[in-house]
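Reader: I should like a close look at a single part of this model, set in the context of its surroundings. Please keep to what can be computed from the coordinates.

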Amino acid sequence: MTGSVQVGLVGREILASRSPWLHEQEARAQELPLRYELVDFAARGFADAELPRVLAELVASGFVGVNVTYPFKQAVIPLLTRLSPEAEQIGAVNTVLFRGGERIGFNTDVTGFAEAVRVGLAGAHLGTVVQLGAGGGGSATAFALLELGTSRLTLVDTDVSRASALTARLGRVFPGRAIAVGDADGLAVIVRACDGIVNATPLGMAKSPGTAVPRRLLEPRHWVADIVYFPLETALLRAAAAKGCRVLDGSTMAVGQAAAAFEIFTERCADRARMLEAFHAFPAPRV
């Protein structure tokens, strides 16, 4: 690809995102002119219902594509021309490519999370996992866990219908696996029986403080993963580490999904090791 590349991130309350830094640093290393813009619905005073208008304006202004985050990973799907096979199976999109009059949806969260687990939790038992959150991010992490060999996955979400829909969708792709919806009131029993815990909810972010799993339920034998990366050490991971659990923060997933999206946007290979270095070199925001 030659010429300047205009891409961005569409979501709500995303001004702390490291995506612009990651993409622009990698582009600079490859001597590719690229600009990455944050389209924050909260900061711009947009209602969620304005997503179709915003997407159309981005296409018209020459964007090559956009990443999509909370709360639009599923809402964006009806606005797309077609989906990659993986995005269709998952039912969530985090990357949209504008090409030849089409809007093509992809999901790079799956490969990002799978890569993070393989690297950061090498050797961990993945057989029985409880996941908090069944939204767009949770759809991807659940899919990745099952691809990695999880045989029993329990999904807990405040929206039971959403968890049920994801369970049914995953069951069609992974027949024979034990995939169930868990009751939040019975979380203690579910956690007691699991090998690992994944937080795929916004809880733990700076805008949503708190933890999806009470500290008293964590045991040293558990591994705990969180997809939140700002802050990098969430309350859940801090409590888990204090209990002696293996922990996985959101950095490797963030870099993995960004690298895959960069490749979709630019048609160039991304250097993941270099992007991980850039992630950790992100300049601290001024107070």
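Which strands does helix H10 (residues 251-266) lie across, and at about what angle does the helix run to S5?

Author: The model is a predicted one, and the description that follows should be read accordingly. Helix H10 (residues 251-266) lies across five named strands: S1, S2, S3, strand S5 (95-99) and strand S6 (102-106). Relative to S5, the helix runs at about 5°.

The strands beneath this description belong to an open sheet of 6 strands with mixed pairing, in the order S2-S1-S3-S5-S6-S4. At its edges stand strand S2 (34-40) and strand S4 (82-83), each of which pairs on one side only. Strands of a sheet pair through backbone hydrogen bonds, in either a parallel or an antiparallel manner. Between strand S1 (residues 5-11) and strand S3 (residues 65-68) the arrangement is parallel, with 4 bridges joining the two. Within this part of the sheet, Val10 is placed opposite Val68 in S3.

Turning to the helix itself, one of its residues is Ser251. This serine counts as buried because its relative accessibility is 5%, whereas the cut-off for that class is under 20%. Its contacts, leaving aside neighbours within four places in sequence, are with Tyr229, Leu232, Phe279 and His280.

Helix H10 also takes part in the lining of the largest pocket, which has a volume of about 980 Å³; S3, H6, helix H8 (187-192) and H10 are the elements that give two or more residues to that lining. In total, 50 residues line the pocket, and those lying nearest its centre are Tyr70, Ala200, Thr201, Pro202 and Ile227.

The nonpolar cores complete the picture. The largest has 32 residues, and those with the most contacts inside it are Phe113, Leu145, Leu153, Leu170, Val198 and Trp223. Two or more residues each come from helix H5 (109-120), helix H6 (136-147), strand S8 (152-156), helix H7 (160-173) and strand S11 (223-226). Of these, H6 gives the most, with 6 residues. Leu170, again leaving out residues up to four places away in sequence, touches Ala142, Phe143, Leu146, Leu153, Leu155 and Ile179. A second core, separate from this one, has 28 residues, among them Val5, Val255, Ala270 and Ala278.

Conventions:
Residues numbered from 1 in each chain as written. Predicted model: local features only at pLDDT ≥ 70, side-chain atom pairs only at ≥ 80, totals over all residues. Heavy atoms only, no water. Pairing = 2+ DSSP bridges. Contact = heavy atoms within 4.5 Å. Axes fitted to C-alpha atoms, helices over the stretch in contact; angles between N-to-C directions. Core = buried A, V, L, I, M, F, W, Y, C linked by side-chain atoms within 4.5 Å. Buried < 20%, exposed > 50% of the residue type's maximum accessible area, 1.4 Å probe, protein only. 1 Å grid on protein atoms, 1.4 Å probe; cavity = no way out; pocket = protein on both sides within 12 Å on 5 of 7 lines; lining within 4 Å. Points joined across faces, edges and corners; volume = space filled by probe spheres on them.
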